Amino acid sequence: MVINSAEFIKSSTKTSDCPQSLLPEFAFIGRSNVGKSTLINMLINQRKLAKTSSTPGKTQLINHFLINESWYLVDLPGLGFAKAPIKEKKKWEKMLKEYLLQRKQLMCTFFLVDIRHSAQKIDMEFMKWMGTNQLPFAIIFTKTDKLSKNKINKNINNYLKQLSEDWEPLPPVFVSSGIEAVGRDEILSYIDDCQKLFNNNTNYK
Ligand code: GTP
Ligand code: MG
């Protein structure tokens, strides 16, 4: 897919404030600081459209970006930002879950995982929750520029082994680096394929 245009549309605090449009959308979720905003910028070829920061908890709203005037890319707040007050964390989680459950044009959620870390309880629980609610998702391993090829393969295998205790079949898996633009073509063509399904399925309209 060629990205011809990418435009920030709006930030929303709740699902009912999200753009009133039925264009297909693709969301990016994962623990705080995992690299969601950086990956989005890499995918759309813009350095600064999605705000990034080395301080976790930067993205606190549901951010919609309109791509090629035909689909939305959605940057979500980080899961489980450790430093946020519990009340704030609960509020974000509620907002995220409502968005994921209510947004019927949501085609796929990309669940981002830092390639350097083993499977974390919060990630496993969230993926399980997505599965229970029949929400389609794919996994993207981020920050692969930080490890050697051998270590990348080893970590992915370990992670998938742990996932296979809960999942059969396993969700689609991608590897990425927001810094070195790794994984861009693969992720964009997956989005393309999902959209073809959307266009052929009138139930969504
Ligand atoms: P929140 O909005 O706080 O949830 O964070 P986020 O998941 O959007 O992460 P963000 O994109 O802001 O990146 C967090 C930090 O990780 C920044 O310092 C980025 O430069 C760094 N980072 C993100 N992706 C990569 C990557 O692929 N490689 C490397 N080396 N650093 C990355
Ligand atoms: Mg962010």
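From the N terminus on, the elements of this protein follow the order β-β-α-β-β-α-β-α-β-α-β-α, which amounts to five helices and seven strands. The radius of gyration is 16 Å, close to the 17 Å that the globule rule gives for 205 residues, so the protein is as compact as a globular protein of that length. The model is a predicted one.

Several overall values describe the fold and its surface.

| Property of the protein | Value |
|---|---|
| Span of the C-alpha trace along the principal axes | about 45 × 40 × 35 Å |
| Residues that count as buried | 48% of 205 residues |
| Accessible surface | about 10900 Å² |
| Accessible surface belonging to carbon and sulfur atoms | 49% |
| Distance between the centres of the positive and negative side chains | 6 Å |

The last row rests on 29 positive and 20 negative side chains. As for the contacts with a separation of 6 or more, 74% of them join residues 24 or more positions apart.

**Helix α1**

Helix α1 covers residues 36-43, and seven of its eight residues are buried, so the helix is largely enclosed by the rest of the structure. The buried residues are Lys-36, Ser-37, Leu-39, Ile-40, Asn-41, Met-42 and Leu-43. They pack against four strands, namely β2 (25-30), β4 (71-75), β5 (106-114) and β6 (137-142), and also against helix α5. After α1 comes Asn-45, which has a positive phi, near 60°.

**Strand β6**

Strand β6, one of the elements against which α1 packs, is itself mostly covered, with six of its six residues buried. Phe-137, Ile-139 and Phe-141 point one way from the strand, whereas Ala-138, Ile-140 and Thr-142 point the other way. Both sets are buried. The strand pairs with β5 in the parallel sense, over six bridges. Within this part of the structure, Ile-139 of β6 is the bridge partner of Phe-111.

**Gln-195 in helix α5**

Helix α5, a further packing partner of α1, spans residues 184-200 and contains Gln-195. The relative accessible area of Gln-195 is 9%; because buried means under 20%, this residue counts as buried. Which residues is Gln-195 in contact with, leaving aside its neighbours within four places in sequence? They are Met-1, Pro-24, Phe-26, Ser-70 and Trp-71. Among these, Phe-26 falls in the range of β2 (25-30) and Trp-71 in that of β4 (71-75). The buried residues of α1 pack against both of these strands as well as against α5.

Key
Residues numbered from 1 in each chain as written. Chains lettered and ligands numbered in written order. Predicted model: local features only at pLDDT ≥ 70, side-chain atom pairs only at ≥ 80, totals over all residues. Heavy atoms only, no water. Helix = DSSP H or I, 4+ residues; strand = E, 2+ residues; numbered from the N terminus. Buried < 20%, exposed > 50% of the residue type's maximum accessible area, 1.4 Å probe, protein only. Contact = heavy atoms within 4.5 Å. Rg over C-alpha atoms; globule rule 2.2 N^0.38 Å. Areas by Shrake-Rupley, 256 points an atom, 1.4 Å probe, with all protein chains shown as cover. Lys, Arg positive; Asp, Glu negative; His and termini not counted. Charge placed at Lys NZ, Arg CZ, Asp CG, Glu CD. Pairing = 2+ DSSP bridges.
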